Amino acid sequence: MAGSGQTSDASSATGRPPLARRWVLNAILYVLRTGCQWRQLPKDFPPWKSVYTVFWRWRKAGIWKQVHDLLRDQCRRAAGKRRLSRVAIVDSQAVRTAEGGEFRGYDAGKKITGRTWHLAVDTLGLVWMAVVHGADLQDHVGAAFVIARLKAACRRLKVIFADSAYGRGGLPEWVRATFGWTLQTVLRPVRTASFVVLPKRWIVERTFGWIGRYRRHSKDYERNPETSATFIYIAMINLMSRRLARQSTL
């Protein structure tokens, strides 16, 4: 039955029918897109406990990140880029948490109690690394977690662009001494009060806009920050797979 989310394989006659992975993925994307609770999944999908179990096991095994990275490589090749980027753009976004959970904090500047999503993206806006931490950490402190993980993910990296907040705390010097990369801050033009599109910075802001289209990201509803980062990767998986599907039909 298509709507049941279970296959009709004869080998399952003596036990529980195996789950149809396509319907499990559809259910997870439904949670992400609509923002509904796991328990509120429509009956057309497999049981919510089974869907959540697959989601949780794949998160623990790192499968979501692996799928995300493979799709990112395909998108870069389709755009005429090398698999590994030489440039990254880093930025953060403070997000309110629903209630409870680990690693929450208060951002005094933005007056938000919750977490901070820290992203490192390439020049196409595709995510290289996502780290979620408490909103009480300063940007230059949180960026160190992201940049440290980039070492294994992107060996060709040479330059990281960021805003002026990342020039504090000796972060550029630490990046140069530890990894040999250049952390270049992009400053606002002097004497400009209106909105200005800053070079490179707009790319990561657009990525946050893409992620914000999924209602699960209207707040950080997760108790575990690793789950929050996983949903960021799944949002990008959905975006990249749709992009590749459109290109294959041209």
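**Exercise 1.** Is Arg-216 buried or exposed?

*Solution.* The model is predicted. Start with the cut-off: buried means under 20% relative accessible area. Arg-216 has 8% relative accessibility, so Arg-216 counts as buried. Next, find its partner. Arg-216 forms a salt bridge with Glu-222. Their closest N and O atoms are 2.9 Å apart. Glu-222 is buried too, with a relative accessible area of 10%.

**Exercise 2.** Find which residues are joined into one network by salt bridges that share partners.

*Solution.* The network holds Lys-65, Asp-69, Arg-72, Asp-73 and Arg-83. Take one pair from it. The side chains of Arg-83 and Asp-73 meet in a salt bridge, at 3.7 Å from N to O. Arg-83 sits in the loop between helix 3 (63-78) and strand 1 (87-96), and Asp-73 sits in helix 3, so the pair ties together parts ten residues apart in sequence. Now check exposure. Arg-83 is partly exposed at 39% relative accessibility. Asp-73 is buried at 8%.

**Exercise 3.** State which parts the salt bridge between Asp-163 and Arg-201 ties together.

*Solution.* First, the contact: the N to O distance is 3.8 Å. Then place each residue. Asp-163 belongs to strand 5 (residues 159-163) and Arg-201 to helix 6 (residues 201-212), so the bridge links parts that are 38 residues apart in sequence. Asp-163 is buried, with a relative accessible area of 14%. Arg-201 is buried as well, at 12%.

**Exercise 4.** Count the salt bridges and the disulfides in the whole structure.

*Solution.* The search finds ten salt bridges. The disulfide count is zero. Look at two cysteines. Cys-75 is buried at 5% relative accessible area. Cys-154 is buried at 1%.

Technical notes
Residues numbered from 1 in each chain as written. Predicted model: local features only at pLDDT ≥ 70, side-chain atom pairs only at ≥ 80, totals over all residues. Heavy atoms only, no water. Disulfide = S-S within 2.5 Å. Buried < 20%, exposed > 50% of the residue type's maximum accessible area, 1.4 Å probe, protein only. Salt bridge = Lys/Arg side-chain N within 4 Å of Asp/Glu carboxyl O. Helix = DSSP H or I, 4+ residues; strand = E, 2+ residues; numbered from the N terminus.
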